[in-house]
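Welcome, and thanks for taking a look at this one with me. Here are a few points to read alongside the structure.

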Amino acid sequence: MSDLSPTDTPVLDLLERMTVDSVATSSLDVQSIALVRLAALVASDAPAASYALNLAADAELGLDAEAVRGVLAAIAPIVGTSRVAAATGRIVTAIGVAIEVAMAELDEERGGGT
């Protein structure tokens with residue numbers, strides 16, 4: 001995906017602009033926004049791709065697995081066990097895909113692998 005020009009990703013570009021506007025408009029600090037968004041992903045039964053996009057940004061903010069666990073524990077009584085369990089599975093999937101992509105990029109940087 002790194003070879004794509006901005007015009008090749010109009011939906012992602014729109015989502016990025018919406019996110020920037022949302023952060024600028026919110027009275028919350030960026031770490032609080034990240035935690036609230038994680039809770040919203042769980043509540044809306046979001047797919048793994050949504051977690052992948054958000055957790056990558058969250059890691060850059062310094063949020064770690066402990067913060068993610070804290071959010072899941074805090075919202076479980078509201079959204080229910082099944083939503084938290086489904087979200088946990090999707091988070092694991094998103095992390096697995098991120099690791100595979102990073103490994104492939106590293107392999108490519110080293111000269112193409114096998």
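**Notes on charged residues and a helix pair**

1. Let's begin with R69, which is partly exposed, its relative accessible area being 49%. Please keep in mind throughout that this is a predicted model.

2. What does the side chain of R69 meet in a salt bridge? Its partner is E66, with 2.9 Å from N to O. Both E66 and R69 belong to helix α4, where they sit 3 residues apart, about one turn of the helix.

3. How many salt bridges does a search of the whole structure find? The count is 2. Besides the pair in α4, there is one between D45 and R90, whose closest N and O atoms are 2.6 Å apart. This pair links distant parts of the chain: D45 comes from the loop between α2 (30–43) and α3, R90 comes from helix α5, and 45 residues separate them.

4. It is worth checking how open the D45–R90 pair is. D45 has a relative accessibility of 35%, so it counts as partly exposed. R90 is also partly exposed, because its relative accessibility is 25% and the partly exposed range runs from 20% to 50%.

5. D45 deserves a second look for its backbone. Although D45 is not a glycine, it has a positive phi of about 60°. Its place, once more, is the loop between α2 and α3.

6. Now turn to D58, in helix α3 (residues 48–60). Is D58 buried or exposed, and what is the nearest side chain of opposite charge? D58 is buried and has no salt bridge; that nearest side chain is R37, 7.3 Å away. A salt bridge needs the nitrogen within 4 Å of the carboxyl oxygen, so the distance to R37 does not qualify. Setting aside neighbours within four places in sequence, D58 is in contact with A34 and L63.

7. Finally, follow α4 into the next helix. The axes of α4 (residues 65–79) and α5 (residues 81–109) come within 8 Å and cross at roughly 150°. Angles over 145 degrees count as roughly antiparallel, so that is how α4 runs relative to α5. On the α4 side, the contact is made by V68, L72, A76 and V79. The α5 side contributes T81, R83, V84, A87, T88 and I91. By type, the residues of this contact divide into 7 nonpolar, 2 polar and 1 charged.

Conventions. Residues numbered from 1 in each chain as written. Predicted model: local features only at pLDDT ≥ 70, side-chain atom pairs only at ≥ 80, totals over all residues. Heavy atoms only, no water. Axes fitted to C-alpha atoms, helices over the stretch in contact; angles between N-to-C directions. Helix = DSSP H or I, 4+ residues; strand = E, 2+ residues; numbered from the N terminus. Parallel < 35°, antiparallel > 145°, perpendicular 65-115°, else oblique. Contact = heavy atoms within 4.5 Å. Nonpolar A, V, L, I, M, F, W, Y, C, P; charged D, E, K, R; others polar. Buried < 20%, exposed > 50% of the residue type's maximum accessible area, 1.4 Å probe, protein only. Lys, Arg positive; Asp, Glu negative; His and termini not counted.
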